[in-house]
Amino acid sequence: MIEVEQLAKRFVQGRGRQAREVRAVDGVTWRAEDGRITGLLGPNGAGKTTTLRMVAALIQPDAGRIRVDGIDVAAEPMKALGRMGVLSDSRGLYPRLTARENIVYYGRLHGLTHRAAAARADELAKVLDMEPLLDRRTDGFSQGEKMKTALARALVHNPPNIILDEPTNGLDVLATRALREALRRLRDVEGKCIVFSTHIMQEVERLCDHVIVISHGRTAAQGTVAELSARTGQTDFEEAFVDLAFTPAERDHAGQLAGEQAA
Ligand SMILES: Nc1ncnc2c1ncn2[C@@H]1O[C@H](COP(=O)(O)OP(=O)(O)OP(=O)(O)O)[C@@H](O)[C@H]1O
């Protein structure tokens, strides 16, 4: 389980007199339960990636608290990381190694014996439906094949929590479907707590048990797709998302732009 409480992070963009402070994350609070797929849904620049980078101990928050299975990430980052599998944007596989060797190598880095890491690679290949890939060099893999290998590598130490930042970026429709299926299996077969970020509504509708809408660095709303739609009185989830994630001024501005383009 992952609990995020009043998390905040600012960045300074530009230099000298041009410098300006950006509140990338400004008081985000949410909880992701075990055996559930939780989606962080928000427009571009809402603060999703920054939030997940803090959860994965890649950057430090200015304020707030993150607990992974009760472990405070700031106080015990290595212990918390041992309970997380993180799939970031850069897949970074070793091209000369086979998929199996990539996975086993990471297992060894996590302190597994060669035998345990190899057994886990076989197990993950079944769950992720990638057995035919295992003994091929990753050089020349498609985006979908790379993603599966990187996901298996992130899960080699069997972490109870999985974090994925925009995992379907660059994947075609079949690879996206395969990833969705893999995440469902990891939830249903292994009971993982899965958190992923996206700005794609359909992905959330198809996959998420729980949705956290992030807007301007804050938690704008959370619930199931049905709950969020009901709250806004919308039958279409895209309309519900627009109501929840954008201010009336932003919606008017987007409407004016669309009108000008149509004229
Ligand atoms: N290292 C950084 N330095 C300066 N500004 C940053 C940095 N990282 C993020 N930001 C800014 O913080 C804000 C939130 O960015 P973030 O990448 O977390 O958003 P996001 O919701 O993941 O967006 P997207 O869907 O476009 O990936 C943006 O305004 C971004 O420009």
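Why is helix α1 (residues 48-55) largely enclosed by the rest of the structure? In this predicted model, 7 of the 8 residues of the helix are buried, so α1 is largely enclosed by its surroundings. The buried positions are K48, T50, T51, L52, R53, M54 and V55. Burial here requires that 20 or more other C-beta atoms lie within 10 Å of the residue's own. Just after the helix, A57 adopts a positive phi of about 60°.

The surroundings of α1 include strands from two sheets. One of these is an open sheet of 4 strands, arranged in the order β2-β1-β4-β5 with antiparallel pairing. Strands β2 (20-32) and β5 (71-72) occupy its edges, each with a single partner strand, so one side of each is left without a neighbour in the sheet. Helix α1 lies across β1, β2 and β4 (63-68) and runs at about 115° to β1.

Within this sheet, strand β1 (residues 2-13) is joined to β2 by 10 bridges, and the two strands run antiparallel. Residue I2 stands opposite A32 of β2, and E3 has R31 of β2 as its bridge partner. The two strands form a hairpin with 6 residues between them, and in the turn G14 has a positive phi of about 80°. Strand β1 is also joined to β4, through 5 bridges in an antiparallel arrangement; here the bridge partner of A8 is A63. In general, strands of a sheet pair through backbone hydrogen bonds, in either a parallel or an antiparallel manner.

The other sheet is likewise open and is formed by 6 strands in the order β6-β7-β8-β3-β9-β10, with mixed pairing. Its edges are taken by β6 (84-87) and β10 (218-223); each has a single partner strand, so one side of each is left without a neighbour in the sheet. Neighbouring strands of this sheet are turned against each other by 15° on average, direction ignored. Helix α1 packs on the sheet as well, touching β3 (36-41), β7 (161-165), β8 (193-198) and β9, and the direction of the helix makes about 145° with that of β7.

At one end of the strand order, β9 (residues 210-215) and β10 run antiparallel and are joined by 5 bridges. One of the residue pairs between these strands is V213 with its bridge partner A221 in β10. Helix α1 thus has contacts with β1, β2 and β4 in the 4-stranded sheet and with β3, β7, β8 and β9 in the 6-stranded sheet.

Methods:
Residues are numbered from 1 along each chain as its sequence is written. This is a predicted model: local features need pLDDT of at least 70, side-chain atom pairs count only at pLDDT 80 or more; totals for chains, interfaces and linings use all residues. A residue is buried if 20 or more other C-beta atoms lie within 10 Å of its own, exposed if 12 or fewer, and partly exposed in between; C-beta atoms are placed from the backbone. Two strands pair if DSSP finds at least two bridges between them. Two residues are in contact if their C-beta atoms, placed from the backbone, lie within 7 Å. Axes are lines fitted to C-alpha atoms, for helices over the stretch in contact, and angles run from 0 to 180 degrees between N-to-C directions.
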